[in-house]
Amino acid sequence: MSEQAVTTLRRSIAGLQSAAASLGGEAGFSLGHDAADAALGALRRHALHEVVATTSQAPAASGFIAGLLARLGRRPIVWLRQDAAGMEGGELHAPGLASFGLDPGRVLSVRGRDALAVLKAAQDAFPRGNDRRSGIGAVVIELNGAPACLDLTASRRLALAAREAGVTALLLRLGGGVAPSAAMMRWEIAAAPSAGRVRAHGPGRPSFAVTVSRNRHGATGRWLMEWDSHAYSFTEPLPVALVSAPADRPDRAQPGRVITGLWPAGRRAAG
Amino acid sequence: MGKAKGAFRLTCLDALAERLGLASDMALADARAMIPRLDVVEEDLAADAALLGAIADWCDRYTPLVALDETDGLLLDISGCAHLFGGEAVLGRDCLTRLKRQGFTVRAAIAGTPRAARAVARYGSGGIIEPGGEGAALLPLPAAALGLDGARQHGLARMGLIYIADIETRPRAPLAARFGSDLLDRLDQAFGRLPEAVTPRRPLPDCMAERRFAEPLAHEAGIRLALAGLEQSLSEMLEARGEGAKLFEASFFRSDGAVRRLGIETGLPLRDAKVIDRLFALKLEALADPLDPGFGFDLIRLSAGATERLAVDQAALATGYDDDVPDEAAAERALAEVADALSARLGPQRVRRFLAQDTHDPVRAALAVPALHYNETARLGAPPPWPEPGAVPERPLRLLARPEPIEVLAEIPDGPPTRFRWRRAVHDVAKAEGPERIAAEWWLATESLAPTRDYYRIEQPDGRRFWLYRDGLYGPGVKHPPWFMHGLFA
């Protein structure tokens with residue numbers, strides 16, 4: 001069986017598992033992380049979820065969103081951003097999305113001049129009469145700072161549009177702090193050190209410190225999660241490293257044990 | 001007044017100056033000698049061209065086929081349009097009165113061939129030349145009326161061939177030998193023995209619907225209603241042809257002569273009036289300078305271009321058997337619809353989709369193409385599949401538009417960094433993996449272009465992950481290859 005076929009199968013299995021829970025006619029989704037799923041219950045698909053992070057944790061927050069999108073299935077995705085976002089935090093990198101298990105061919109990347117343009121455009125991203133099986137599946141609204149136009153009314157409008165169109169709305173707020181909103185859940189995301197069991201020295205799987213600080217239908221809490229891009233699932237990081245660290249070699253990556261350096265650049269020994 | 005052949009010369013005169021005996025192409029010094037108090041204005045070719053363009057836009061009301069003729073004329077192909085206005089005579093009169101009322105001095109001729117009409121309008125008295133009457137109308141005109149260049153005109157005059165009649169009655173072979181076959185071609189075109197193509201200013205629409213208003217329309221609601229009606233008839237026309245269009249243009253002709261056009265582009269061919277209406281509504285809403293009806297629009301036209309075959313939508317007939325696997329075609333359609341709406345609102349450059357590219361260079365690995373052109377671009381070459389997800393992401397989720405220089409402290413020259421400074425903050429490195437060496441393809445690599453890059457994936461103690469690279473290698477003469485921050489991992 002080709003690698004592609006395996007990937008497709010894995011993806012649909014993840015979709016089946018994730019869509020197992022039902023919430024009064026609407027299929028919910030899960031994270032795959034046992035402890036968090038047990039505490040949070042089935043997550044609402046056709047609702048507004050707010051993902052909050054500081055500016056320096058923007059990549060982690062986008063990673064968590066990429067994971068959620070991969071859990072949600074294979075329907076098309078609209079990702080809206082501000083013009084200035086690319087300068088500060090980098091552009092969306094399609095191979096990076098692919099490495100999370102998302103199909104970049106299904107992602108529509110949209111930029112608005114400012115936060116207001118993004119919010120207005122977001123309304124067009126929830127089509128009327130959206131096909132709930134193959135239509136738009138998720139809309140990511142990425143906003144920097146705390147724009148004045150993102151008030152309670154605006155977020156209520158997003159939540160309503162998400163419910164009407166049967167779309168998952170993910171409001172990604174970077175560096176804006178916590179503000180009142182009509183979101184079903186608020187996820188606060190930061191990067192967590194990765195476990196060393198996949199790679200002995202290098203960074204392991206994407207790891208997140210996830211805090212659910214608001215949940216209209218269940219518990220809140222804080223969990224450490226890893227993204228397993230083979231299983232299309234968040235998992236609990238294992239406490240013990242499965243790969244033993246090599247004993248015969250010093251850990252090169254320890255800071256402070258500098259043999260030669262070139263910083264400040266002028267002072268480095270020649271050679 | 002303009003500069004020609006090294007001297008200031010008169011290019012255009014008003015009626016009074018003509019009565020005083022001035023002529024165009026006269027040197028300014030001579031003219032000043034004749035009339036010392038001459039009021040001279042320097043010519044502005046760009047403004048003249050813009051004005052002619054505006055008049056041409058206005059002339060679109062008569063026919064979609066309007067062409068520019070030199071710098072001061074317009075050619076209108078009214079074949080098949082004249083009856084809409086009550087015949088050629090009425091159309092010509094209507095056009096002239098309206099232009100004269102706007103303050104222009106105009107002369108027009110209607111003839112069976114473009115060249116004959118041009119000759120009679122420029123060198124004759126204008127008017128309508130009935131079919132078969134070309135000879136009588138053209139023969140007494142000067143040879144210059146054929147639109148010849150200066151040298152050839154001069155040569156004809158030296159041979160005593162002043163009028164078209166002189167050329168027409170002469171044997172053809174010696175003329176062709178002396179002046180080239182071009183001269184005879186022009187002659188034949190004027191008499192309709194050779195066809196002449198007219199190049200319109202604007203591409204001809206495949207399909208269009210228009211509505212004239214006896215009373216100019218000034219209210220927004222009325223304009224929207226009229227537009228909706230046109231969309232409906234255009235949609236029916238497209239359906240009858242079994243086609244959908246990817247370009248739509250609404251032209252609003254204001255009663256005072258100004259013309260405003262609004263264009264819409266879609267990714268997939270379209271003919272549903274409701275969808276077209278929504279796209280125009282978005283476009284109207286997003287206009288930076290709103291549509292100003294002034295004293296009202298007296299003509300609104302909707303045209304469709306870039307038509308393609310569009311089969312009858314049968315998606316409604318297919319019932320879902322499998323609820324979990326989305327239908328590929330339906331998903332593609334949903335994406336295209338949203339992309340069309342967003343492109344109409346934000347502009348096509350702001351709405352993009354990703355195409356995988358067959359290269360290791362991270363900057364070129366994904367092409368972000370405007371969603372409207374995604375299908376055409378994807379069809380150009382089969383895009384390679386996206387990389388399969390590995391155990392650990394190999395590529396960052398976010399790529400900086402421009403790699404940012406960082407200061408790096410490395411344990412050994414060729415090793416990964418242990419500490420670096422980026423955006424004025426110091427970052428420690430807890431884990432590092434690399435190098436992954438990426439060089440430009442050999443057919444792109446030249447001495448000056450992109451040296452080999454050694455990429456490292458690194459993790460800070462707090463868990464933030466970055467993608468850094470060293471630009472170039474250590475070697476003779478290279479003491480400190482620069483380091484750059486290129487991407488951010490989740």
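Domain bounds, as I use them here, come from an automatic or database domain assignment. On that basis I find chain B divided into domain 1 (2-43), domain 2 (107-191), domain 3 (207-309) and domain 4 (398-489). I keep in mind throughout that this is a predicted model.

**Entry: chain A and its side towards chain B**

I began with chain A, in which I find seven helices and 12 strands. Of its 271 residues, 51% count as buried, and when I looked at contacts in chain A with a separation of 6 or more, residues 24 or more positions apart accounted for 71% of them.

I then turned to the interface, where 75 residues of chain A are in contact with 73 residues of chain B. The elements of chain A that give two or more residues to this side include helix H1 (3-18), helix H3 (58-72), strand S6 (107-112) and helix H6 (115-125). Sorting the residues of this side by class, I noted 36 nonpolar, 27 polar and 12 charged.

**Entry: the nonpolar cores**

In soluble globular proteins, nonpolar side chains tend to be buried together, and I looked for such groupings next. The largest nonpolar core has 138 residues, and those with the most contacts inside it are Val51(A), Leu108(A), Val139(A) and Ile141(A). I also asked where this core lies with respect to domains 3 and 4 of chain B. Both domain 3 (207-309) and domain 4 (398-489) of chain B give residues to the core, so it lies between them.

For Val51(A) I listed the contacts, leaving aside neighbours within four places in sequence, and found Ala61(A), Phe64(A), Ile65(A), Leu170(A), Leu171(A), Leu172(A), Trp187(A) and Ile189(A). Apart from the largest core lies another, of 21 residues, among them Ala111(B), Ile129(B), Leu161(B) and Ile164(B).

**Entry: helices of domain 2 in chain B**

Before looking at the helices I checked a distance, and the C-alpha centres of domain 2 and domain 3 of chain B lie 42 Å apart.

Helix H5 (residues 114-123) of chain B and helix H10 (residues 181-191) of chain B pack at an angle of about 90°, with their axes 6 Å apart, which makes H5(B) roughly perpendicular to H10(B). I traced the contact to Arg115(B), Ala116(B) and Ala119(B) of H5(B), and to Arg186(B), Gln189(B) and Ala190(B) of H10(B). By class, I have three nonpolar, one polar and two charged residues in this contact.

The axes of H9(B) and H10(B) come within 6 Å and cross at roughly 125°, and I therefore record H9(B) as oblique to H10(B). Here the contact is made by Arg172(B), Leu175(B), Ala176(B) and Phe179(B) of H9(B) and by Ser181(B), Leu183(B) and Leu184(B) of H10(B). Its classes come to five nonpolar, one polar and one charged.

How many of the eight residues of helix H9 (residues 172-179) of chain B are buried? I found the count to be zero, and I note this helix as hardly covered. Just after H9(B), Gly180(B) takes a positive phi of about 90°.

**Entry: two buried strand residues in chain B**

I looked up Ser303(B), which is found in strand S10 (residues 297-309) of chain B. Ser303(B) counts as buried because it has 25 C-beta neighbours inside 10 Å. Not counting residues up to four places away in sequence, Ser303(B) touches Pro205(B), Cys207(B), Met208(B) and Glu249(B).

Ile264(B) is found in strand S9 (residues 259-270) of chain B, and with 20 C-beta neighbours inside 10 Å it also counts as buried. With the same exclusion of residues up to four places away, I found Ile264(B) touching Phe248(B), Leu279(B), Phe280(B), Lys283(B) and Ala344(B). Ile264(B) and Ala341(B) are 77 residues apart in sequence and 9.8 Å apart in space, C-alpha to C-alpha.

**Entry: backbone geometry in chain B**

Most residues other than glycine have a negative phi, and most peptide bonds are trans. With that in mind I noted the following cases.

Ala306(B) has a positive phi, near 50°, and lies in strand S10 of chain B; with 15 other C-beta atoms within 10 Å, Ala306(B) is partly exposed. Arg423(B) likewise has a positive phi near 50°, but its place is the loop between strand S14 (417-422) and strand S15 (425-428) of chain B. Arg423(B) counts as exposed, with 10 C-beta neighbours inside 10 Å.

Last, I checked the peptide bond from Gly434(B) to Pro435(B), and it is cis, with omega near 0°; Pro435(B) is placed in strand S16 (residues 431-438) of chain B.

Conventions: Residues numbered from 1 in each chain as written. Chains lettered and ligands numbered in written order. Predicted model: local features only at pLDDT ≥ 70, side-chain atom pairs only at ≥ 80, totals over all residues. Core = buried A, V, L, I, M, F, W, Y, C linked by C-beta atoms within 7 Å. Buried ≥ 20, exposed ≤ 12 C-beta atoms within 10 Å, placed from the backbone. Contact = placed C-beta atoms within 7 Å. Axes fitted to C-alpha atoms, helices over the stretch in contact; angles between N-to-C directions. Helix = DSSP H or I, 4+ residues; strand = E, 2+ residues; numbered from the N terminus. Parallel < 35°, antiparallel > 145°, perpendicular 65-115°, else oblique. Nonpolar A, V, L, I, M, F, W, Y, C, P; charged D, E, K, R; others polar.
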